[in-house]
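Trainee: I am new to this structure and would like a close look at a single part of it. Could you take one chain and walk me through it slowly, then point out a few places elsewhere to visit afterwards?

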Amino acid sequence: MEENQATLDTLKDIKSLMERSSRFISLSGLSGVFSGTLALIGAYLAHWKTNQGPWIQRAQDTDFGTGEIVSIDWSVVWFLSIDALLVFILSMFVGYYFSRQKALRKGQPLWGTYSKQFLINLSLPLVTGGIFCMILFYHGLIGLIAPASLVFYGLALLNGGKFSFEEISYLGMSEIALGLAGLVFKGQGLLFWAIGFGVLHIVYGILMYIRHDR
Amino acid sequence: MKSIIHQLDKAFENRIRLGLMSILSVNDWVEFNELKTLLEVTDGNLASHISALDKKGFIETRKRFVGKKPNTTFRITDDGREAFSNHINALEMLLKGAI
């Protein structure tokens with residue numbers, strides 16, 4: 001009887017250690033590939049809409065998109081906002097879906113202590129970045145929004161990366177570097193945004209899929 | 001009953017080794033210090049259990065430098081995963097048989 005109790009205790013120990021230590025390794029590389037593709041589509045739509053004609057007029061013309069705004073076509077602003085929001089929501093959904101599939105297939109827990117840590121550490125810089133970008137818009141610094149969002153997203157990944165695969169941290173560093181470069185080169189915000197949220201997601205997604213998913 | 005006991009792997013008879021395998025089975029590469037904190041053991045103790053499991057081919061070791069600091073991480077092997085899951089199944093059977 002005592003031996004049974006010991007066996008039961010052992011199994012409980014094992015379960016608790018697994019729960020306490022599990023990193024968020026269910027994150028699927030496929031979600032990176034699909035959200036990257038969504039970002040490229042979103043960036044293309046934004047490019048198409050903003051190139052239909054002048055939609056913003058500034059007091060002085062600067063390449064950076066930072067001069068004082070005289071008039072602005074709000075339908076374009078709404079289009080861009082909804083475009084970005086859709087890319088974000090669909091990416092979240094895709095990320096959840098593929099990670100759940102992977103967890104089921106590999107018999108891994110989707111939700112552990114570290115998964116929670118991952119999401120909490122990811123959200124704080126992300127929410128800060130979101131508010132920061134809205135303030136940039138409020139001040140009319142529209143040309144800085146895309147590179148700034150890359151920098152904050154990179155910081156978020158770097159912050160959450162220690163609770164998931166190491167590739168997440170490297171992706172984070174790449175996004176930060178790209179965002180900073182985007183702040184230097186004038187008027188190329190959307191291009192850098194498309195590389196960061198589109199191309200990098202796809203590249204790292206494929207890498208993670210090869211290394212961890214199969 | 002005897003056959004079940006036979007399935008229990010001698011390599012996992014120790015609490016710390018079982019703990020090690022539990023942690024590694026749900027993670028990718030894990031650092032030495034993190035294992036130490038989770039299992040609440042001393043350096044020497046942990047190192048000896050790690051090398052025992054490594055010799056059996058149940059875990060693999062990766063040594064490298066992160067900046068100037070040496071960084072050693074461990075991961076479960078496919079053999080290790082299979083042996084560990086067999087061991088857990090045997091433990092569960094043992095319990096079911098007893099109830």
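Mentor: Happy to help; we will go through chain B, then stop at two places in chain A. Please keep in mind from the start that this is a predicted model.

Let us begin with the overall build. Chain B contains five helices and three strands. If you follow the sequence from its start, these elements come in the order α-α-β-α-α-β-β-α. To picture the space they take up, imagine a box laid along the principal axes: the C-alpha atoms of chain B fill roughly 55 × 25 × 20 Å.

Next, the inside and the outside. Chain B has 99 residues, and 45% of them count as buried. Its accessible surface comes to about 5,800 Å², and carbon and sulfur atoms account for 52% of that area. What about charge? Chain B carries 15 positive and 13 negative charges, and the mean positions of these two groups lie 4 Å apart. As for how the chain meets itself, take the contacts between residues at least 6 apart in sequence: 57% of these join residues at least 24 apart.

Now zoom in on one residue, B:Glu40. You will find B:Glu40 in the loop between α3 (32-39) and α4 (43-55) of chain B. Its backbone has a positive phi of about 55°, although B:Glu40 is not a glycine. Is this residue buried or exposed? B:Glu40 counts as exposed, because its relative accessibility is 69% and the cut-off for exposed is over 50%.

Let us move over to chain A, where a nonpolar patch sits on the surface. The patch is formed by A:Leu40, A:Leu191, A:Ile195, A:Val199 and A:Val203, which together have about 370 Å² of accessible area. Helix α7 (residues 189-213) of chain A gives the largest share of the patch, four residues. One residue of this helix is A:Val199, which is partly exposed with a relative accessible area of 39%.

Our last stop is A:Ile72, in strand β2 (residues 69-72) of chain A. A:Ile72 is also partly exposed, at a relative accessible area of 21%; that value falls just outside the buried class, because buried means under 20%. Setting aside neighbours within four places in sequence, A:Ile72 is in contact with A:Trp55, A:Ile56, A:Val77 and A:Ile142. You can also compare A:Ile72 with A:Pro54: the two are 18 residues apart in sequence, and their C-alpha atoms are 9.1 Å apart in space.

Note on methods: Residues are numbered from 1 along each chain as its sequence is written. Chains are lettered from A and ligands numbered from 1 in the order in which they are written. This is a predicted model: local features need pLDDT of at least 70, side-chain atom pairs count only at pLDDT 80 or more; totals for chains, interfaces and linings use all residues. Side-chain values use heavy atoms; hydrogens and water are left out. Buried means under 20% relative accessible area, exposed over 50%, partly exposed in between (1.4 Å probe, protein chains only). Contact means heavy atoms within 4.5 Å. Accessible areas come from the Shrake-Rupley method with a 1.4 Å probe; for residues, only the protein chains shown count as cover. Lys and Arg count as positive and Asp and Glu as negative; His and the chain ends are not counted. The place of a charge is taken as NZ of Lys, CZ of Arg, CG of Asp or CD of Glu. Patches are made of residues with over 30% relative accessible area and no salt bridge: like charges are joined within 9 Å, nonpolar side chains (Val, Leu, Ile, Met, Phe, Trp, Tyr) within 5 Å. A salt bridge is a side-chain nitrogen of Lys or Arg within 4 Å of a carboxyl oxygen of Asp or Glu.
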